[in-house]
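Okay, thanks everyone, let me pull this up on the screen. I'd like to spend a couple of minutes on charged pairs.

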Amino acid sequence: MTKCFTLLLGLVALSVQAQSSFRTQMVDDKVQIGYGLAIGDVDGDKKPDILLADKKQFVWYRNGDWKRFVLVENLTTSDNVCIAARDIDGDGKVEIAVGAQWNPGETSDTAKSGSVHYLVRPADPTTPWIPVKLHHEPTIHRMRWVQTGNKKFQLVVLPLHGRGNKDGAGRGVRVYAYEKPKDVKQAWKLQLIDSSMHLTHNMELVQDGAHERLYIGGKEGVKVFDYNGKNWMPVKPGAYIQDASFGELRVGKKGGQQVLAGIQPMHGTMLAVYDATLQRKVIAEGFGQGHALAVSSLTDQSTVQIVAGWREPDTDGKVGIKIYTPSKSYSEWTTHWIDENGMACEDLQVADLNGDGKNDIIAAGRSTHNLKIYWNNE
């Protein structure tokens, strides 16, 4: 696994507060929780839209006027929790899957915890979509469409706990890949990716030729999987990248430099990066339930930067989002606010929303009940 990362020497965090070059736009100030975000072209106008898993509604916001449309609502008795959106058939419009019945305290009863639905597109995407119920495990928490080959995709679904798991102990989390059939109402083929981890939280995709490598983070650390054309296999069987708990994890690459970043532990207080020997260096501390992370080139196109958000007050009593920029040698990090105390960040994404070649930041707030775009003015 050490070949996956470029050596980052002597990482040291600096507490330098620089002026943000982002302009904030409020998209929605009536978000209930804002569990999860996805970005993709819903209506086929070649502009990326914003999709949101809110408490009882899955919605999308149309790029340009940012008008809000409901995909489906009151899907289950408990809250919604996650959404995956990606164009997997090449028609220029996203396919959408959603996870709901969020009940993390119930790890055994499939009727009371967890749901997975595929949403069938109507002729007019601004009208309600039709949900098709799929297999699920209790405590479904995250999902992504993953590229497994040339024009081939699977839906990977990640529960928080294994069945019957209590306090992160017991049976392992069953991570499944779903293959979409031509008739989505027929049975979807399932493949078990892994069941060795306990208490998982998030996943990341990294392009590797015609397919994407899958990183899964949780209680035991990070485990990496490749698809060999038939099966998902651990990159290094039985081994974890790091044996510390991960909540969020993201990987970014620029000019030969590849960075693995993580918020630790789950719902944690620290932001860390990893070098080629998988040694951990903390670059920020004091978060209140760190819950959102991205690695991308934003204000400095010559390198990758880290964007991190947290949803509870930090050691200074503030919620928000910050961006971390490394020096050329990755020996020092400069930090500045993107949103100081105006975003109790539950999730964030980066994407070029206006086609200017620069990535913007999109974030949803929990206790602040908001959805914002931070336009990149660099």
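So, Lys-318: this is a predicted model, remember, and in it Lys-318 has a relative accessible area of 27%, which makes it partly exposed. Its partner is Glu-340, and the closest N and O atoms of that salt bridge sit 2.4 Å apart. Where are the two along the chain? Glu-340 is in strand 26, residues 332–340, while Lys-318 is in the loop between strand 24 and strand 25, so we have a link across 22 residues. Glu-340 is also partly exposed, at 43%.

Now for a pair with another setting. Arg-311 and Glu-346 meet in a salt bridge too, at 2.9 Å, N to O. Arg-311 belongs to strand 24 and Glu-346 to strand 27, so this pair ties together parts 35 residues apart in sequence. Buried or exposed, then, for Glu-346? Buried, at 2% relative accessibility, and Arg-311 is buried as well, at 10%.

Next up, Glu-137 with Arg-163, where the closest N and O atoms are 2.7 Å apart. Glu-137 lies in the loop between strands 10 and 11, and Arg-163 in the loop between strands 12 and 13, so the salt bridge ties together parts 26 residues apart. Glu-137 counts as buried at 4%, whereas Arg-163 is partly exposed at 25%. And there's a third member here: shared partners join Glu-137, Arg-163 and Arg-174 into one network.

How many salt bridges are there by this rule? The count comes to 16, and the pairs I showed are among them.

Methods: Residues are numbered from 1 along each chain as its sequence is written. This is a predicted model: local features need pLDDT of at least 70, side-chain atom pairs count only at pLDDT 80 or more; totals for chains, interfaces and linings use all residues. Side-chain values use heavy atoms; hydrogens and water are left out. A salt bridge is a side-chain nitrogen of Lys or Arg within 4 Å of a carboxyl oxygen of Asp or Glu. Helices (H or I, at least four residues) and strands (E, at least two) are DSSP runs, numbered from the N terminus. Buried means under 20% relative accessible area, exposed over 50%, partly exposed in between (1.4 Å probe, protein chains only).
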